[in-house]
Amino acid sequence: MNKSVRYCKFCNKIGASGYSLNAGYTFSCFDCKSKLDYLKGIQVIDRTIVAVGLVNGDLVIPEGVEEIFMNSFNDTAIKSVIIPSSLKEIPFYCFENCTNLKKVVIKGNPKIHGAAFQKCDNLKEVVLSSAFKIIDNFLFQNFKSLERITIPEGVEEIGCYAFKDCVNLKEIII
């Protein structure tokens with residue numbers, strides 16, 4: 001049975017581990033036990049989040065969301081994603097194998113864990129916000145389709161091999 005994923009506006013969490021299915025198919029947050037609101041455009045099948053019915057494959061994670069869970073959007077058909085400034089981290093494998101993903105806009109300064117965007121073979125553009133401070137080691141390694149990245153003035157550190165094997169990287173905007 002498919003049910004819409006919910007978003008907890010009280011503790012600002014979304015993801016397969018962030019809610020429980022109650023009798024009557026209502027949802028409540030694991031952390032604060034409050035009733036959860038719909039998050040349009042995302043479906044849950046067997047407690048796994050899959051992005052379906054997104055307009056043009058574009059995903060905008062709502063401002064106020066602070067946490068998403070590992071594997072939340074992996075193997076989905078999203079074409080672009082906008083990460084809000086409220087998000088604290090992008091976990092391991094969150095967008096892994098999103099082969100249609102072409103553009104990522106990160107509005108805040110989240111910790112991006114290794115392999116968050118692993119096997120996003122068609123990712124061409126990444127835009128980092130002015131709040132972004134550190135590009136970790138190997139962060140964009142093997143992004144063979146990456147053509148353009150915007151690195152804001154506030155970046156203080158670019159880790160070793162951050163762009164290793166980005167063979168099509170043509171433009172770095174600073």
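These exercises work through the strands, core and empty spaces of one protein chain.

The model is predicted, so local features need pLDDT of at least 70 and side-chain atom pairs pLDDT 80 or more, while totals for chains, interfaces and linings use all residues. Residues are numbered from 1 along each chain as its sequence is written, and side-chain values use heavy atoms, with hydrogens and water left out.

**Exercise 1. Describe the chain as a whole.**

Step 1. Take the secondary structure. The protein chain has 15 strands and zero helices. Both are DSSP runs, numbered from the N terminus: helices are H or I with at least four residues, strands are E with at least two.

Step 2. Take burial. Of the 174 residues in the protein chain, 46% are buried. Buried means under 20% relative accessible area, exposed over 50%, partly exposed in between (1.4 Å probe, protein chains only).

Step 3. Take the contacts (heavy atoms within 4.5 Å). Among those with a separation of 6 or more, 30% join residues 24 or more positions apart.

**Exercise 2. Trace the strand pairing from β6 to β13.**

Step 1. Fix the criterion. Two strands pair if DSSP finds at least two bridges between them.

Step 2. Start at β6 (residues 58-60). Three bridges join β6 to β7, and the two run parallel. V60 faces I82 in β7.

Step 3. Move to β9. β7 and β9 pair in the parallel sense through four bridges. V81 has V104 in β9 as its bridge partner.

Step 4. Go on to β11. Strand β9 (residues 103-106) is joined to β11 (residues 125-128) by four bridges, again in parallel. Here V104 stands opposite V126.

Step 5. Finish at β13 (residues 148-150). Three bridges link β11 and β13 in the parallel sense. V126 stands opposite I149.

**Exercise 3. Place V81 in its surroundings.**

Step 1. Locate the residue. V81 is found in strand β7.

Step 2. Check its exposure. With a relative accessible area of 1%, V81 is buried.

Step 3. List its contacts. Setting aside neighbours within four places in sequence, V81 is in contact with L59, I61, F95, L101, K103, V104 and V105.

Step 4. Take one distance. V81 and L101 are 20 residues apart along the chain, and their C-alpha atoms are separated by 7.9 Å.

**Exercise 4. Find the centre of the largest nonpolar core.**

Step 1. Define it. A nonpolar core is a set of buried Ala, Val, Leu, Ile, Met, Phe, Trp, Tyr and Cys residues joined through side-chain atoms within 4.5 Å.

Step 2. Pick out the best-connected members. The largest core has 35 residues, and I90, F95, F117, I135 and F140 touch the most other members. β7 (80-83), β9 and β11 each supply at least two residues of this core.

Step 3. Examine F140. Not counting residues up to four places away in sequence, F140 touches V126, I135, L146, I149, A162, F163, K164 and C166.

**Exercise 5. Characterise the largest cavity.**

Step 1. Define it. On a 1 Å grid over the protein atoms alone, a cavity is a set of points where a 1.4 Å probe fits but cannot get out; lining residues have an atom within 4 Å of a point. Points are joined across faces, edges and corners, and a volume is the space filled by probe spheres set on them.

Step 2. Count and size. The structure holds one cavity of 30 Å³ or more. The largest cavity has a volume of about 40 Å³.

Step 3. Read the lining. Among the lining residues are V104, F117, V126 and F140.

Technical notes: On a 1 Å grid over the protein atoms alone, a cavity is a set of points where a 1.4 Å probe fits but cannot get out, and a pocket is an open set with protein on both sides within 12 Å along at least five of seven lines; lining residues have an atom within 4 Å of a point.
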